[in-house]
Amino acid sequence: MARRSYGSGSLSVRSDGRGRETWYGSWRVGGRRVKRRIGAKRTPGGSRDGLSRTHAERELRRLMSEIPAPVARDTRRTLAEAGEAYVTHLEEVMGRKRTTIQDYRGYLRRHLIPSFGERTLDRIEPEHVDAYLHAKLGVGLSAKTVTNHLTFLHGLFRFAVKRRWTQQNPVAYVDRPPQPRQGQRRIRFLQPVELEAVLRAVLDDDLGQLERPLYLCAVMTGLRQGELLALKWLDVDWVAGRIRVADNFPRGRTDRPDTPKSHYLRSLPMPDRLGCELERHFQRSAFRSDEDLVFCHPHTGRPYDASKLRKRFEESLGRAGVRRVTFHELRHTFGTQMAAAGAPLRAIQEWMGHADAKTTEIYSHYAPDATNGAAFAERAFGGNRGFRRVGPQS
């Protein structure tokens, strides 16, 4: 064969000893030689099966383009280094929520860095990612948790490729574990009579005077625990009869609320009973400026401890003798009661701050039947007339 120009690789033909010949390609990538089987060689004058030299050249160039050149030594990053840069980028540039950033740092510290060690990104192959997936599933992590890890890792590699720290994203070649099918789960919530029992069971102490309006506000607005604890008096609009949600207080620090990305501020109606209860709470409170928290600790004015709130709520449920629900499930009481009152699901979605309408659909079965199906069922099966005759008659 004629001599090829430098860097264009080389083609060779090998015989299997039984008269069949195969094209092979060879080229260098970053000082190492790569060899690949190209395909069977076409026999002159025979069938059109196999590759001619022109076709083999074309396939060689395609294979050469798919195997990237190695990353320069001075631009290599370990997963720990790239992970820190990526999380900082998400926090400072992309504006991800503080709780999300905490979760990502946890993925790195507890799982990804211990698994991949000091291996640089350009040395992480799809088989390494696949081994990580199986290892984490093997120690009992759920498919959803492992998928969250891989989603984060995929974003990290995409970030690294843009900065030329690596040439490929190995996570893109790994299948995610299937999520287990979840059957319909009955949501838990308090019936109105149960709520009244819980309110009566609240202790008559300083914290109890705070908790009674807090529980009522949770039920009648559907606010999340963190949103309730971050609520300020300036967020309570007495004139308009609305409560505005501008802040959240997850994990002990203020953050923006879980609200659709199109707007971070939402408002919802404040019924008269809640307005009167908040007015009495306002008059009792020693912290009544616009910037003071509505449900602050009655002695210090600082945010009420979330763990103490949940513990005392469970104790109130026990004294009331009602079903056990979590504090978060008071949101379901709001959702089911508003749906049963005929409120449009789109409005409920807006009030509850659901980014996805599918989340709100769990309350659709508690709404009045818009098809008037009960009347049709009564006509079909009610009384003593028996079933209606349908279909051909003999």
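## Salt bridge exercises

The structure holds 18 salt bridges. Keep in mind that this is a predicted model. Let's work through a few.

**Exercise 1.** Find the distance between the side chains of Arg62 and Glu59, and work out where the two residues sit in helix H1.

*Solution.* Start with the contact: the side chains of Arg62 and Glu59 pair up in a salt bridge, at 2.4 Å from N to O. Next, look at the helix. Both belong to H1, which covers residues 53-66, and because they are 3 residues apart, about one helical turn separates them. Finally, check the surroundings: Arg62 has a relative accessible area of 35%, so it is partly exposed. Glu59 comes in at 24%, which makes it partly exposed too.

**Exercise 2.** Arg224 and Glu227 form a salt bridge; decide whether each residue is buried or exposed.

*Solution.* The N to O distance for this pair is 2.8 Å. Now recall that buried means under 20% relative accessible area. Arg224 shows 13%, so it's buried. Glu227 shows 1%, so it's buried as well.

**Exercise 3.** Do the same for the salt bridge between Asp237 and Arg244.

*Solution.* Here the side chains meet at 2.8 Å, N to O. Asp237 has 18% relative accessibility, so it counts as buried. Arg244, at 30%, counts as partly exposed.

**Exercise 4.** Which residues are linked with Asp122 in a network of salt bridges?

*Solution.* Look around Asp122: the network links it with Arg76 and Arg123.

How values were computed:
Residues are numbered from 1 along each chain as its sequence is written. This is a predicted model: local features need pLDDT of at least 70, side-chain atom pairs count only at pLDDT 80 or more; totals for chains, interfaces and linings use all residues. Side-chain values use heavy atoms; hydrogens and water are left out. A salt bridge is a side-chain nitrogen of Lys or Arg within 4 Å of a carboxyl oxygen of Asp or Glu. Helices (H or I, at least four residues) and strands (E, at least two) are DSSP runs, numbered from the N terminus. Buried means under 20% relative accessible area, exposed over 50%, partly exposed in between (1.4 Å probe, protein chains only).
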